[in-house]
Amino acid sequence: MAALSGLAALRAGRGVWRLPARLSAGLPGCWLRRGYVVGRAESPPTFGLLFDIDGVLVRGHRVIPAALEAFGKLLNSQGQLRVPVVFVTNAGNILQQNKAQELSGLLGYKVDPDQVILSHSPLKLFLQYHNKRMLVSGQGPVVENARSLGFQNVVTIDELRLAFPELDMVDLARRPKNMCLRNDFAAIEGILLLGEPVRWETSLQLILDVLLSNGNPGTGLETAPYPHLPVLASNMDLLWMAEAKMPRFGHGTFLLCLETIYRKVTGKELKYEGMTGKPSILTYQYAEDIIRQQAERWGWSAPIRKLYAIGDNPVSDVYGANLFNQYLQMTKRGEKEHGAGGQQKQRPSTTQSCVSILVCTGIHNCQGPGPKAPTSGGAELPFHGHRDFSFSPELLEASHVVHDVNEAVQLVFHQEGWA
């Protein structure tokens, strides 16, 4: 990864970049607005910003003070963004417009719903599954989210449980007393995993039932079909950071449970037709396209050449940004495209690179060791990424490490000659 030119920027786990005092104090020929340095003639932006949310801008429902400082720099005197910005989160148990409203209230800036990319947003591109009868798992407005993505025929875990009450037998208090079975339930044709559910035991059991019965859990089969029904999943985060001092289980933990149970029962691997959310290349392609549309809508004529991805999780934010940057370099060299998983052809890209910036206000602790490759002696930290993403230690190394999102924006502006 490129080091900061002229400024001894340190790699992940080895140090934290700080803006030089002479720059933060102001320089001749520049003028001060809202407490930061801006050139007299600001050229149209040729870069865009991808912000993670949890651990970067907020912790749970509390805004991180540095986020308010950062957006003080990103907004002009009319309260408008000076550069294209999207919020790329692996959260998915909320509607896009509600997440935008939540961010608007916390940041004091009107966030457009189109600027919010949830973990499942790129599933809009999987058109061949939109008319199939899909079992949807998650919590919150799962039906509304599924329909907003284009899936028109969805069945919830609760609906399946009511149709086949004999399937959910773990919780003694919820075991039905009257078994009224249905024989008119249409077969399920695929599984849509939008986020971690509330009752894991119920979701794990019923999803497995659907897979083992080829979508007909009321009948059962002597031999489990393989390949199984198509499975689409979003959000691979093993852990995420809220108000607690220690990280919490993410949807990646639920997926790990499902994969392990399926393999234990069948002896085969659970396969995914599509996986979205960071670190998926498709998610970054989707974000790139939203950034480009935003720049065009706001009249910025210069093509977007560089993306800066700011996050707190080395395994999803840093790994994903570096993986996308690797993909961009391969594409520039004319090598075979791989790993994107897109279902619709994307517009030609003008983006040349994606820079990863790691902050220390969430999952990553700047005082502790960075994630490294496991060794036979077991001395290094384990890789928390999903099993379908082969482990490349160098992709965990951030281009830059900073204390918080405010320093990240200062760094970007300095890199781009805006400060």
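**Disulfide, cores and pocket**

In this predicted model, Cys360 and Cys366 are linked by a disulfide, S to S 1.3 Å (cysteine sulfur atoms within 2.5 Å). A search of the whole structure turns up 1 disulfide. Cys360 and Cys366 are both buried (under 20% relative accessible area; exposed is over 50% and partly exposed in between, with a 1.4 Å probe and protein chains only). As for other cysteines, Cys354 counts as buried because its relative accessibility is 3%, while Cys257, at 28%, is partly exposed.

Residues are numbered from 1 along each chain as its sequence is written. The model being predicted, local features need pLDDT of at least 70 and side-chain atom pairs pLDDT 80 or more, while totals for chains, interfaces and linings use all residues; side-chain values use heavy atoms, without hydrogens and water.

Turning to the interior, the largest nonpolar core (buried Ala, Val, Leu, Ile, Met, Phe, Trp, Tyr and Cys joined through side-chain atoms within 4.5 Å) holds 69 residues, and Leu50, Leu135, Phe151, Leu160, Leu192 and Ile207 have the most contacts inside it. Helix α8 (residues 281-297) supplies the largest share of this core, 8 residues (helices are DSSP runs of H or I, at least four residues, and strands of E, at least two, numbered from the N terminus). Another core, of 39 residues, lies apart from it and includes Leu49, Leu107, Val359 and Leu411.
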